[in-house]
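Take the helices and the ligand site in turn, with the sequence and the model side by side. The text below goes through how the helices pack and then what surrounds the ligand.

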Amino acid sequence: MSALVVGGAMIEAVRGDITREPVDAIVNAANSTLLGGGGVDGAIHRAGGPGILSECRALGGCEAGEAKATSGGELRARFVIHTVGPIYRDGRQGEAALLAGCHKRSLEVALELGARSVAFPAISCGVYGYPVHEAAPIAVRAVAEFLRAHSGIELVRFVLYSPEVYREFEHALEMLRPSPGRERS
Ligand code: ADP
């Protein structure tokens with residue numbers, strides 16, 4: 001596990017299965033229909049039961065960069081925050097801003113719900129094709145910026161399924177750590 005304190009809150013990166021996280025809210029890397037898909041989306045709906053999909057049907061989809069919440073169904077988390085990451089093309093189509101926006105909007109929704117602990121997967125790093133070495137620093141920075149500007153969330157945990165993805169998030173957290181001789185960006 002890797003961790004960093006930002007604005008009185010903790011950002012962690014761990015390896016694991018996000019569907020088992022005992023946090024207040026888990027974030028789903030959904031698609032714009034919000035009607036289920038593969039990857040982490042499929043895993044969340046399988047573990048959380050059909051009630052989540054019924055709630056999703058009432059939400060009317062979701063644009064990339066936006067986020068909408070349902071209950072956590074049968075999950076340990078009380079809420080699922082469904083966000084839609086960008087599909088990666090060449091990195092010059094506004095992907096970074098959309099990816100940062102997903103994280104920021106998800107945390108805004110978490111605050112509205114009163115969630116104090118939130119878990120994120122590696123949004124867009126699966127079938128949406130975002131290179132993880134580019135996505136990890138964007139995700140970690142977006143969360144750090146949010147936590148510096150808002151109080152109320154105590155823990156943000158990135159829960160990464162594969163060792164390669166975990167290593168990139170660990171590295172991105174390390175780069176945010178203030179250290180003597182390195183300028184903080
Ligand atoms: P996207 O469509 O946004 O790319 P994917 O679900 O295809 O989303 O992949 C996002 C990331 O989630 C990938 O790194 C994938 O390995 C990871 N993932 C898949 N299942 C889980 C899970 N149960 N817990 C955490 N991460 C998962």
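Axes here are lines fitted to C-alpha atoms, for helices over the stretch in contact, and angles run from 0 to 180 degrees between N-to-C directions. Helices are DSSP runs (H or I, at least four residues), numbered from the N terminus. This is a predicted model, in which local features need pLDDT of at least 70 and side-chain atom pairs count only at pLDDT 80 or more, while totals for chains, interfaces and linings use all residues. Residues are numbered from 1 along each chain as its sequence is written, and side-chain values use heavy atoms, with hydrogens and water left out.

Helix H3 (residues 95-113) packs on H4 at an angle of about 40°, the axes being 9 Å apart. Their crossing is right-handed, that is, the near helix is turned clockwise from the far one by less than a right angle. On the H3 side the contact (heavy atoms within 4.5 Å) includes Leu 99, His 103 and Leu 107, and on the H4 side Ile 138, Val 143 and Phe 146 are among the residues met. The residues of this contact divide into eleven nonpolar, one polar and two charged. In this count Ala, Val, Leu, Ile, Met, Phe, Trp, Tyr, Cys and Pro are nonpolar, Asp, Glu, Lys and Arg are charged, and the others, Gly among them, are polar.

H4 (residues 132-149) also packs against helix H5 (residues 163-176), at an angle of about 45° and with axes 9 Å apart. H4 and H5 are therefore oblique to each other; angles under 35 degrees count as roughly parallel, over 145 as roughly antiparallel, 65 to 115 as roughly perpendicular and the rest as oblique. The crossing of H4 and H5 is right-handed. Residues of H4 including Val 132, Pro 137 and Val 140 meet residues of H5 including Val 165, Phe 169 and Leu 173.

Now the ligand. Among the 15 residues around it (a heavy atom within 4 Å), Asp 17, Ile 18, Val 40, Ser 124 and Gly 126 come nearest. Polar contacts are pairs of N or O atoms within 3.5 Å. A polar backbone atom of Val 40 is 2.8 Å from an oxygen atom of the ligand. For Gly 126, a backbone N or O atom lies 2.8 Å from a ligand oxygen atom, and for Val 127 the distance from a backbone N or O atom to a ligand oxygen atom is 2.9 Å.

Technical notes. Helix = DSSP H or I, 4+ residues; strand = E, 2+ residues; numbered from the N terminus. Polar contact = N/O pair within 3.5 Å; in protein donor to acceptor, adjacent residues only side chain to side chain.
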